[in-house]
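Q: Got a minute to go through this one with me? I'd like to start with helix packing, then move to the sheet.

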Amino acid sequence: MSGSTWGVKIVRVALLMALVLVAASCGVGQQPSQGGGGGGGPKKICMMPKLVGIPYFNASEKGAEEAAKDLDVELVYDGPTEAKAALQSQMIEQWIQQQCGAISVAANDPDALAPAMKKAEDAGIKTSSWDADVAKDAREVFVNQATFEAIGYELVDVMAEQTDGKGKFLVVTGSLTAPNQVAWLKEMRERMKEKYPEMSIASVEPGEEDLQLGIDITKNYLRANPDTAGVFGITSVALPGAAEAVEQEGLEGEVAVTGLSTPNDMKPYLESGAVEKFVLWNPVDLGYLAVHVANAQIEGNMPKSGTFEAGRLGKVEMIAEDEVLLGPPLVFSQDNIDEYDF
Amino acid sequence: MSAATAVLRRLKFSREVVLLGVLIVLLVVMSLLSPLFLTVGNLLNTSRFFVEVGLMALGMTLIIITGGIDLSVGSNLALVSVAVGFSYAADLPLPLAIVFGLVVGLAAGLFNGLFITFLDLHPLVVTLGTFALFQGLAYGLSRAEAVSDFPAWFAYFGQAYFLNVVPGQLFIFILAVVVVWLILSRTRFGRYVYAIGNNEEAAHFSGVPVRRVKLALYSGIGLLVGMAAVIYTSRVYTARGDSGLGLELDVISAVVLGGASIYGGSGTIGGTVLGVLIIATLRNGLVLAGVPSTWQVFVLGVLLLVAVFLNEFFRRREE
């Protein structure tokens, strides 16, 4: 009896040892530069997206790596596999132990990350946010991709081009309470009032970031309101949904569609003609800029006003003493969409 | 019979020794991978992240020993977090809001227990239902908004350090470990728990109040979830409807890794605590070693599969 017990013990220990070796080789194989030495390079920038493994944030990583190479700094680009603030806050705390020179985060919740970010600052780490801000007192700089005003205005301008500056419009949002979407809507209404008095938003429908729901809502609305001149889809799920609905109803060219989304999602609709142009910022450049900002923070030469010199992006604007602006939004069309892959 | 139980005891003991060995090997490997790992500051700080999962895992151990399961703990955590945050935002004094949250957690657990015992439904099905139910309630009540303007003292539960190094919540966890361990290994109630897991019907006919024991267990885990929720909410200083989402998997993973059999009848608090520590060590060490999150998930998956395989291997040997 005891003989077989020992056999069991030996097998278990052997298997678990093997497992630990798997874990170890994983660690060494993945990032050899961090396996041994002390702190690696003198400058280490730790950058966190809202989550890893989606095309948008992979695009930012590309830009971040490019900047890290240009500036010769060490970059750690990692985040949770799900868009959850608590997982982010945990990773920030672990990064504090990892001796990052700067931590830059795209926050899933402005307040939930604040305690960890403040702790990082107390530990002498430079802090910043990019893509989505944390509470103002929990970071030194925010790298803003595009102002609400610029996005709202651009969306309306693109739509006006296609409908001669008039008509009634449907807006499909993610949720009625999402702060960025509420802010974009306000700016869109503002732009219409000031520049295109014959344009008006007839209805705002929440698509709940559900593609099928977005398609159904748009279809039903267009059937009930045949005088609709165009549809804005203002999330990366709402826009393809709206375009798909217009396509399924055979209304390409009659009902204009534009909004915010990513190029890979929209390519088929540009090709089919359901969408002519749509708007977003360039996430590659956003990642690139965020690393330049973090580096400037570490070097202690981050400006408080005027412009900030960011490598190949040239001079970008400081729109507040603690806020850098990437620039005007990017308009995608048949002409430039093949240059982007995210 | 007594010889068999003696062997069983020895096997359980050796299982914990093996887990301890794994933990030590992990500590050595991780410290080789990253010079930052084996520092008092890092090890103590890591404990801030496993207390919430650990508290729930204590309750889950007892439930799994009875052959049951509770999939709703993550959703229940969200519900309690929202209950604390929004009752406070609605002007309930914070101490009362915390007590209210604990009551909500307990009530949610009791709700599970009532369905499971009185309607004689399978815990998997019931808690799968309440997993969605509690989550829906948490989202509905918070309307996807967050509360975060808590007074400074609230940080005590999740952010404070005793003597500047020991995270405050570690004390709560140690106390809970001792209490649950005493209940499971030193009381008649604990023997009932094992008896139900070994053979529920036999336990019933030999006078074990099966329903009452199960009700107490599901309510008890609800209370532990409540405590975890208060710590969690304090740690991120924000009450949100998506708090704790997915934590049920971490909790069940830790318990299974700790050697509790999903078929019921076996499991120990010591094993679970080691399971919690191993997962926490692995997570922390991999982050410090710069292993990307996606690969961390992979490594954890391998670890769990091996653990389940070994448990099954072990169980068949016992029979």
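Q: At what angle do α4(A) and helix α12 of chain B pack, and how far apart are their axes?
A: This is a predicted model. In it, α4(A) and α12(B), residues 269-288, pack at about 60°. Their axes are 9 Å apart.

Q: Oblique or roughly perpendicular, then?
A: Oblique. Roughly perpendicular starts at 65 degrees, so the pair α4(A) and α12(B) counts as oblique.

Q: Left-handed or right-handed crossing?
A: α4(A) passes α12(B) in a right-handed crossing.

Q: Which residues make the contact?
A: From α4(A), A:Q94, A:W95 and A:Q97. From α12(B), B:N284, B:V287 and B:L288.

Q: How do they divide by character?
A: Three are nonpolar and three polar, with no charged residues.

Q: On to the sheet. What's the strand order in chain A?
A: The order is β2-β1-β3-β4-β5-β13-β12-β11. That is an open sheet of eight strands with mixed pairing. The edge strands are β2 (74-77) and β11 (307-309), each pairing on one side only. On average, neighbouring strands are turned by 25° against each other, direction ignored.

Q: How do β1 and β3 of chain A run, parallel or antiparallel?
A: Parallel. Four bridges join β1 (44-48) to β3 (102-105). A:M47 has A:S104 as its bridge partner in β3(A).

Q: Where does α4(A) sit on the sheet?
A: Helix α4(A), residues 85-97, touches β1, β2 and β3 of chain A. Its direction makes about 175° with that of β1(A).

Q: And which strands does α3 of chain A lie across?
A: Helix α3(A), residues 55-71, lies across β1, β2 and β4 (126-130) of chain A. It runs at about 170° to β2(A).

Definitions and conventions
Residues numbered from 1 in each chain as written. Chains lettered and ligands numbered in written order. Predicted model: local features only at pLDDT ≥ 70, side-chain atom pairs only at ≥ 80, totals over all residues. Heavy atoms only, no water. Pairing = 2+ DSSP bridges. Helix = DSSP H or I, 4+ residues; strand = E, 2+ residues; numbered from the N terminus. Axes fitted to C-alpha atoms, helices over the stretch in contact; angles between N-to-C directions. Contact = heavy atoms within 4.5 Å. Parallel < 35°, antiparallel > 145°, perpendicular 65-115°, else oblique. Left-handed = near helix turned anticlockwise from the far one by under 90°. Nonpolar A, V, L, I, M, F, W, Y, C, P; charged D, E, K, R; others polar.
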